[in-house]
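Reader: I'd like a close look at one part of this predicted model: the second largest pocket. Which residues line the second largest pocket, and how do they divide into nonpolar, polar and charged?

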Amino acid sequence: MTAVFVNGFDFGTTEDQVRHHFESAGRVSRVMFQGKGAALVSYNSEDDARRAVSTLAETTIDGNRRYVNVKMDEGGPSKGDRKGGKGDYGDRKGGKGGGFGGPPGPQVIVRGFDFGTTEEQVWNHFDHCGEILELRFLGEGTVVVKFASEAQASKAVDLNRSTIDGNQRYINVDFDGKGGGKGKGGKYGDGGYGGGKYGGGRY
């Protein structure tokens with residue numbers, strides 16, 4: 001199977017809506033959501049996947065208001081699922097991970113927003129910085145935002161000490177470094193999103 005990485009569609013979009021939209025390029029074998037607003041769409045044929053990239057990028061799924069970004073998935077649909085070791089956040093157990101399961105890209109870590117802040121609020125705050133590939137909460141008040149380029153991530157860092165709509169506190173935004181130490185038992189792998197749910201281990 002060959003997968004394409006899709007992001008930018010409206011939160012609340014269903015698997016059936018995504019599948020229906022992408023079946024115009026060929027037979028879809030699997031749709032795997034990567035959080036709200038992002039998914040991996042797998043085709044049996046690489047030609048179908050490439051057709052999806054060429055014909056469906058910057059189109060709008062029925063019922064949506066925003067267009068979607070479509071690109072070939074560099075790691076394939078299993079990238080976030082395999083067992084293994086090193087990734088981005090330490091204190092964990094496992095084998096090679098691959099970030100969040102989507103294409104690689106620079107990422108920032110955001111801390112300090114109010115508990116109860118939604119993924120959509122965070123997404124909307126950073127959306128103008130560029131193409132968001134993935135957004136992953138690490139607990140209340142902390143999230144990692146992955147962008148398509150370092151320049152886009154730099155724009156996000158410029159939002160340091162800004163306030164997300166509906167919040168009372170400002171946020172801290174920094175480039176995400178490699179890990180937070182090594183150890184056992186992490187949900188996301190040894191120093192990264194490679195273990196646990198995404199590779200083998202529990203949080």
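Author: First, the bins: Ala, Val, Leu, Ile, Met, Phe, Trp, Tyr, Cys and Pro go down as nonpolar, Asp, Glu, Lys and Arg as charged, and everything else, Gly included, as polar. With that sorting, the lining splits into three nonpolar, four polar and three charged residues. Here's who they are: Tyr-67, Trp-123 and Ile-132 make up the nonpolar part. Arg-66, Asp-127 and Glu-131 are the charged ones, and Asn-7, Gly-8, Asn-69 and Gly-130 fill the polar slots. The pocket they line has a volume of about 200 Å³.

Now let's put some of those residues on the fold. The protein has four helices and eight strands, and along the sequence they run β-α-β-β-α-β-β-α-β-β-α-β. Asn-7 from the lining is the last residue of β1 (2-7). Asn-69 starts β4 (69-72), and Ile-132 starts β6, which covers residues 132-139.

Arg-66 gives us a lead outwards from the pocket. Asp-10 touches Arg-66, along with Gly-63, Asn-64 and Arg-65, leaving aside residues up to four places away in sequence. Asp-10 itself belongs to the loop between β1 and α1 (15-22). Is Asp-10 buried or exposed? Its relative accessible area is 12%, and the cut-off for buried is under 20%, so Asp-10 counts as buried.

A couple of other loops are worth a glance for their backbone. Most residues other than glycine have a negative phi. Glu-58 goes the other way, with a positive phi of about 60°. Glu-58 sits in the loop between α2 (46-56) and β4, and because its relative accessibility is 57%, Glu-58 counts as exposed. Arg-161 also has a positive phi, near 70°. You'll find Arg-161 in the loop between α4 (150-157) and β8 (172-175), and it is exposed too, at 52% relative accessible area.

While you're around α4, have a look at Ala-151, which lies in that helix. Ala-151 is exposed as well, with a relative accessible area of 52%. Measuring C-alpha to C-alpha in the model, Ala-151 and Cys-129 come out 8.8 Å apart, with their positions 22 residues apart in sequence.

Zooming out, 51% of the 203 residues count as buried. The protein exposes about 9,800 Å², and carbon and sulfur atoms supply 45% of that area. Of the contacts between residues at least 6 apart in sequence, 65% join residues at least 24 apart.

And how far can you lean on the coordinates? The average pLDDT is 75, with 71% of residues scoring at least 70. Among the elements, α2 has the highest mean pLDDT, 96, and β6 the lowest, 85. Residues 76-104 are another story: pLDDT is below 50 there, although the stretch has 126 contacts in the model beyond near neighbours in sequence. Residues 178-203 also stay under 50, and the model gives them 107 contacts beyond four places in sequence. Where pLDDT is low, the predicted coordinates shouldn't be read in detail.

Terms used:
Residues are numbered from 1 along each chain as its sequence is written. This is a predicted model: local features need pLDDT of at least 70, side-chain atom pairs count only at pLDDT 80 or more; totals for chains, interfaces and linings use all residues. Side-chain values use heavy atoms; hydrogens and water are left out. On a 1 Å grid over the protein atoms alone, a cavity is a set of points where a 1.4 Å probe fits but cannot get out, and a pocket is an open set with protein on both sides within 12 Å along at least five of seven lines; lining residues have an atom within 4 Å of a point. Grid points are joined across faces, edges and corners, and a volume is the space filled by probe spheres set on the points. Helices (H or I, at least four residues) and strands (E, at least two) are DSSP runs, numbered from the N terminus. Buried means under 20% relative accessible area, exposed over 50%, partly exposed in between (1.4 Å probe, protein chains only). Contact means heavy atoms within 4.5 Å. Accessible areas come from the Shrake-Rupley method with a 1.4 Å probe; for residues, only the protein chains shown count as cover. pLDDT is the predictor's confidence in each residue, from 0 to 100.
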